[in-house]
Amino acid sequence: MGNLLVDQATASDGRVVDRARAWCSMIGVPYYRFNPQMSVDIAMDEKIDEPLVNMMWEVKAYMHANRRKVIEMINHMK
């Protein structure tokens with residue numbers, strides 16, 4: 001049961017995300033979800049530097065590629 005809860009809470013796509021997007025659309029609220037797909041699975045308690053550095057690099061590259069969406073979200077928050 002615990003694994004199912006974690007999977008649903010951290011889902012990057014699927015029904016949970018579709019419902020959140022639809023609900024926001026219904027009430028007129030912009031929906032942004034920044035969730036890069038990692039090249040490898042990384043444990044929540046990872047302590048080895050190499051996978052952590054690779055993860056940070058992938059996230060930085062993802063956010064750079066989506067910088068227009070980030071700027072758009074920032075402008076909505078102002």
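This report describes the overall build of a small set of helices and then one proline in a loop, all in a predicted model.

**Overall build**

The protein contains four helices and zero strands, and reading along the sequence gives the pattern α-α-α-α. Its radius of gyration is 15 Å, well over the 12 Å that the globule rule gives for 78 residues, so the protein is more spread out than a compact globule. The C-alpha trace, taken along its principal axes, spans about 45 × 35 × 20 Å.

Of the 78 residues in the protein, 8% are buried. Among the contacts with a separation of 6 or more, 45% are made by residues 24 or more positions apart. The table gathers values that apply to the protein as a whole.

| Property of the protein | Value |
|---|---|
| Share of the 78 residues that is buried | 8% |
| Exposed area | about 6,900 Å² |
| Share of the exposed area from carbon and sulfur atoms | 59% |
| Distance between the mean positions of the 10 positive and 10 negative charges | 12 Å |

**Helix α2 and the residue after it**

Helix α2 covers residues 15–27, which makes 13 residues, and from its first C-alpha to its last it reaches 18 Å, close to the 18 Å expected at 1.5 Å a residue. Just after α2 comes Gly28, which takes a positive phi of about 75°.

**Pro36 in the loop**

Further along the chain, Pro36 lies in the loop between α2 and α3, the latter being residues 49–65. Pro36 has a relative accessible area of 16%, and because this is under the 20% cut-off the residue counts as buried. When its neighbours within four places in sequence are left aside, Pro36 is in contact with Val59 and Tyr62. Glu58 is 22 residues away from Pro36 in sequence, and the two C-alpha atoms are 7.7 Å apart in space.

Note on methods
Residues are numbered from 1 along each chain as its sequence is written. This is a predicted model: local features need pLDDT of at least 70, side-chain atom pairs count only at pLDDT 80 or more; totals for chains, interfaces and linings use all residues. Side-chain values use heavy atoms; hydrogens and water are left out. Helices (H or I, at least four residues) and strands (E, at least two) are DSSP runs, numbered from the N terminus. The radius of gyration is taken over C-alpha atoms; the globule rule is 2.2 Å times the number of residues to the power 0.38. Buried means under 20% relative accessible area, exposed over 50%, partly exposed in between (1.4 Å probe, protein chains only). Contact means heavy atoms within 4.5 Å. Accessible areas come from the Shrake-Rupley method with a 1.4 Å probe; for residues, only the protein chains shown count as cover. Lys and Arg count as positive and Asp and Glu as negative; His and the chain ends are not counted. The place of a charge is taken as NZ of Lys, CZ of Arg, CG of Asp or CD of Glu. The expected span of a helix is 1.5 Å times one less than its number of residues.
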